[in-house]
Amino acid sequence: MKVEFYGHVRQYRNIQAEIDANLQKVLLSGNYVQGPMLKQFEAELAAYSGTKYAIGVGNGTDAIWLTLMALGIGPGDEVITHPNTFFATAEAIWIAGATAVFVDCCPKTKCICPDKIEAAITPRTKAIIPVHLYGQCADMIAIRKIADKHGLKLIEDNAQAIGAHGRGFKIAELSDAATTSFIIQKNLGTFGDGGAVVTNNPDIDARVRKLRNHGSNQRNVHSFGFNSRLDDLHAGVLSAKLKHIDAWNDLRRKWAARYTAGLKDCRTIDLPVELPGYRHVYHLYVIETKKPEWRDPLLDFLVKEGIDAKTHYSIAIHQQAGFPWGKGARLVGPLTNAEANAACCISLPMYPELTEAEVDYVIAKVREWDARHAAEAPAGKGPAQCGAVCDSCR
Ligand SMILES: *Cc1c(COP(=O)(O)O)cnc(C)c1O
């Protein structure tokens, strides 16, 4: 059996009529850039997010650095995040001209560890960017307290968790803004690139709106800005898909629960941890091998059996050969949990359009590999999940 990593075409087929109708509407309207479809989608996204404003931009990376720039954060400033995320989180900080400061993640959730943040704060620190990694929210309540104590801005990198919520908080509720990406592989994805900023702050809304459009909100009048807009064709696709996002996330949760039930007695791997009271939307279902040297053999075995498993992310940002030390990146404390995650992670196929037969096939193949190695399995958690547990993980 073959199990693909993505279900893009299946998803398109399932709602083709709705998407095609929106595309036709845009094509026949003659308005393709900052037209009525973008306006409509921005209103729908703001309503869905429970925020006053939503601004469509070119991609998820731009969404982050445009927000940093709107907040006046740039050269000489420091922004704290964690190194086990997609490279773009850090890249956006560098594009804004600021210094990226990395602290470790929690061993259970893989999100930024609130216990590690305060040691990284200096007089130059201006903001924290927690990432809702793999589809589960970072502990925004704990992070908000730290931000308040030190007068810091908070930007949620929500590229992976649209539709998630934490225990007692919603995304964008406790921060200055949340940014998201609509590249096709995200939970809400268009056929290409796209992104957005959602916020309750009218200044951030006005500034990002101008910055994305050559510094202009009035014809022929400009200040310093860029070109980073969400095209109306993409807005049309996203408007059609947004109506389905909760049901799609429910399906992701259903497949995650099936993986977890099918794999929980495996001796050679640790499974993702879902915190009580959180809605994890499983952008990715990431298992971790209990020995780093098992990761590649298990991954190779799955691929050989027709399962398109991948890794997210097998090289932490500070381990990248292209890590721009010269731009003033700073590491704070040991990054043990993040490094173990990079060494041990395997992402199993995860998307709403999977079938029961496909999920069961993946489970059977992981179990087959596990049975062969179970006798050599160490007791307890593997290196990626054995770190000291903080209040957020508890
Ligand atoms: C995808 C992603 C981004 C970047 O989004 P693009 O639309 O590809 O620019 C940023 N942060 C995280 C955590 C992501 O997963």
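Helices α4 (60–70) and α5 (88–95) each contribute at least two residues to the shell around the ligand; helices (H or I, at least four residues) and strands (E, at least two) are DSSP runs numbered from the N terminus. The structure is a predicted model, in which local features need pLDDT of at least 70 and side-chain atom pairs count only at pLDDT 80 or more, whereas totals for chains, interfaces and linings use all residues. Residues are numbered from 1 along each chain as its sequence is written, and side-chain values use heavy atoms, with hydrogens and water left out.

The ligand is surrounded by 14 residues, of which Gly 60, Thr 61, Asp 157, Ser 181 and Lys 186 come nearest; a residue is counted as near if one of its heavy atoms lies within 4 Å of the molecule. By class, this shell comprises four nonpolar, eight polar and two charged residues. In this classification Ala, Val, Leu, Ile, Met, Phe, Trp, Tyr, Cys and Pro are nonpolar, Asp, Glu, Lys and Arg are charged, and the others, Gly among them, are polar.

Polar contacts to the ligand (pairs of N or O atoms within 3.5 Å) involve both backbone and side-chain atoms. A polar backbone atom of Gly 60 is 2.7 Å from a ligand oxygen atom, and an N or O atom in the side chain of Thr 61 is 2.5 Å from an oxygen atom of the ligand. For Gln 160, a polar side-chain atom is found 2.9 Å from a ligand oxygen. Of the 380 Å² of accessible area that the ligand has on its own, the protein covers 93%, as computed by the Shrake-Rupley method with a 1.4 Å probe. The space taken by the ligand is the largest pocket.

Side chains of opposite charge can pair when their charged atoms come close. With a salt bridge defined as a side-chain nitrogen of Lys or Arg within 4 Å of a carboxyl oxygen of Asp or Glu, the count comes to 22. One of these joins Arg 212 to Glu 42, with the closest N and O atoms 2.8 Å apart. This pair links distant parts of the chain, 170 residues apart: Arg 212 is in the loop between α8 (202–211) and α9 (232–242), and Glu 42 is in helix α3 (residues 36–49).

Two backbone features occur in loops. The peptide bond from His 312 to Tyr 313 is cis, with omega near 5 degrees, and Tyr 313 belongs to the loop between α11 (295–304) and β12 (330–331). Gln 34, although not a glycine, has a positive phi of about 55 degrees; Gln 34 is placed in the loop between α2 (16–29) and α3.

Definitions and conventions
A polar contact is a pair of N or O atoms within 3.5 Å; within protein, one must be able to donate a hydrogen and the other to accept it, and residues adjacent in sequence count only if both atoms are side-chain atoms. On a 1 Å grid over the protein atoms alone, a cavity is a set of points where a 1.4 Å probe fits but cannot get out, and a pocket is an open set with protein on both sides within 12 Å along at least five of seven lines; lining residues have an atom within 4 Å of a point. A molecule sits in a cavity or pocket if more than half of its atoms lie within 2 Å of its grid points.
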